[in-house]
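Biologist: I have a model open and want to learn how to read it. Can you take me through some features?

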Amino acid sequence: MAVCLECAQFSTLERMDGDKNRKDGQAKNKQCPYQKCNASQTTTNQPTNQTPSPQSPESYAEGSQPSSPSPDFGQHVLPCSDMSPQPGPTLRDHRHSLSGLGTANGAMSATSPVNAVVKASSTGTLSSAPPPFHAHNSKRENKLPTTVGDCVSNFPFSCSGPLVNNFVRSGSCSANAGKTANGGFDADLFASGHIFFPQSSPLLAASTPQNQAVYNWQATKTSVKERLTYLYNTDTMTDIQFKVGKPPAHQIISAHKFILSIGSAVFDALFNGRLATSDSIIEIPDVEPAAFSALLRFLYTDDVQIGPETVMTTLYTAKKYAVPALERACVEFLKRNLSSDNAFMLLTQARLFDEPQLAALCLETIDKNTSEALAADGFTDIDLDTLCVVLERDTLGIRECKLFSAVCRWAEAECLRQNLIPPTSENQRRVLSKALRLIRFPLMTVEEFAMGSAQSGILEDREVVELFLYFTVNPKPSISFLDVPRCCLTGKEQVVSRFCQIESRWGYSGTSDRIRFMVNRRIYVVGFGLYGSIHGPTEYSVNIQIIHMDSTKVMGSNDPTFQCDGTTSTFRVMFKEPVEILPNTSYIACATLKGPDSYYGSKGLRKVTHESVSSGKVTFQFTYAAGNNNGTSVEDGQIPEIIFYT
């Protein structure tokens, strides 16, 4: 049975005659909602576990102990809800449960002068600001703070620092939520992990975002490079963000202004110059995210991380932000990976990024491997200016008819890019523009021109007639196309000799002298060295050829004349164009002379290794050429020398 504390005190004091306590009790006597102390009066439709108001008297707080023993009346003693709080000790049974506050059924009296929040909660309406504790099943449950300000403002000690400040800004705790009702500190709040201390590394590690460094990470990094490497690609202490790439594939990348400024003059001007930006996010739509990450990695760590797919975009980014060391690394990577398959693609990029050294290497590769480079996919993707740069070169190693066919393929692709469909011969001539005049049609044979260029439709009728006249009449008329021979040869001319001794005499009757040969690496044969007359100064007419052994195709030929002085020296006869000789492939060198008897060679060598300081070694193997060969063999005969470039 619940008895009102005031009624109990009054009843006791009334039996004490003349006692001072009786007067005090009478002076404080007020109307009590428990006047009759009728514990049997209950209302079953009211809630039985109401939450006390934060403004309730301190005597409501659990854990407060009276300073003097409470009188034992054999019953629970409850304070009257409408009494004003009095100074001094609060009488409370330590067995008392908060669930018993209010009337016998747990509700507050309507006449109680407590605040409106408690009144509202007694009718079933929730409070807009929940108290730090509530009563439930006779046990206290903690309400966690909602802002750090509440936690920090009631700390019994000083707690500050970046962790607390950041947590305060996040607004994760509420005022005074860190204390218990009796004014002490709630230990449960620490156990919940909602209060952070720099000294508490387990709690700190648990609260650290995935892309931020854990506390005291510096202790394990013994060098500046290790510490900067650790900061790369994390949000720790970052003060700038970049939106890199074009939407929707753009990425947000965080960085540190100081590190970027000491690695790039462009970033230094961007962050510290007179017109420094104040933006917190900088948009870079023209840079690929992977290339920008490679740039940041280099600025933070000095590490170069590039590949075939990212090297060109990284080179562009390094140039954009003036990081020459990364530029050089990209160029060196391209040099190491340069081949005939990507020479035209890299040439276009080198011209675009103003890399003359790389462009020169690309052109040199194209000169030495012209056929393979023109057959690669990247050739048809180049621009007109790059095509003209290639066609202007005198060092291309390809026959002009094959070059013209490749140029026609480029013209078809360019028509599609310019939406000139279908790619007719008129449209191809239009897109070729100035490049058409750089094709050296006079270097073709009349058969090659008649079967290819003359029937392509790209040339005008006037131009076709002009070229046919050039091929068939002497003296040659002037034409509007270049007739300077192309020569892909660089470096020093080299000569291999296959005889050890010279003899006389060797006669001619219209039959060709022939010798079969093979080399171990690619070379370009430009002519032969032949023996001259034993009868003094004489002029010879000669036809020279190089024939592919398996296909019997004539790879190169010419009909020159040469003058000899009657000595044992050899005399040069040259092809119009260099003849490409592939490694480990059999060819036949053939010479048909018309003139008097000549010297000849003897004690021939089957294998000759020619070594050059600039070009290295080239090994020739000579074998007998079956058929009518005018007696020339490995051991003796004509064609003592082969003139070549590597």
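Modeller: We will go through confidence, two helices, a strand and a loop residue.

Modeller: This is a predicted model, where local features need pLDDT of at least 70, side-chain atom pairs count only at pLDDT 80 or more, and totals for chains, interfaces and linings use all residues. Residues are numbered from 1 along each chain as its sequence is written, and side-chain values use heavy atoms, with hydrogens and water left out.

Biologist: What is the mean pLDDT of the protein chain?

Modeller: pLDDT is the predictor's confidence in each residue, from 0 to 100. Here the chain mean is 74, and 66% of residues reach 70 or more. Over residues 27–210 the pLDDT is below 50. That stretch still has 221 contacts (heavy atoms within 4.5 Å) beyond near neighbours in sequence.

Biologist: Which residues of α21 are buried?

Modeller: Helices are DSSP runs of H or I, at least four residues, and strands are runs of E, at least two, numbered from the N terminus. Buried means under 20% relative accessible area, exposed over 50%, partly exposed in between (1.4 Å probe, protein chains only). In α21, which covers residues 461–472, the buried ones are Glu-463, Val-464, Glu-466, Leu-467, Tyr-470 and Phe-471. They line one face of α21, because they fall within an arc of 165° seen down its axis. That arc is taken from the directions from the helix axis to the C-beta atoms.

Biologist: Why would buried residues recur along a helix at such spacings?

Modeller: An α-helix has 3.6 residues a turn, so residues three or four places apart point the same way. Now turn α21 around: the face away from its buried side carries exposed Asp-461 and Thr-472. The cover over its buried residues includes α19 and α20.

Biologist: How many residues of α11 are buried?

Modeller: 10 of its 13, so α11 is largely enclosed by the rest of the structure. Among them are Phe-292, Leu-295 and Tyr-300. Just after α11, Asp-302 takes a positive phi of about 70°.

Biologist: Which way do the side chains of β18 point?

Modeller: They alternate. Val-608, His-610 and Ser-612 point to one face and are buried. Lys-607, Thr-609 and Glu-611 point to the other and are not. Six bridges join β18 to β19, and the two strands run antiparallel. DSSP must find at least two bridges for strands to pair.

Biologist: Is Ser-586 buried or exposed?

Modeller: Ser-586 counts as buried, at 11% relative accessibility. Its place is the loop between β15 and β16. Among its contacts beyond four places in sequence are Phe-517 and His-548.

Notes:
Expected span 1.5 Å × (residues − 1).
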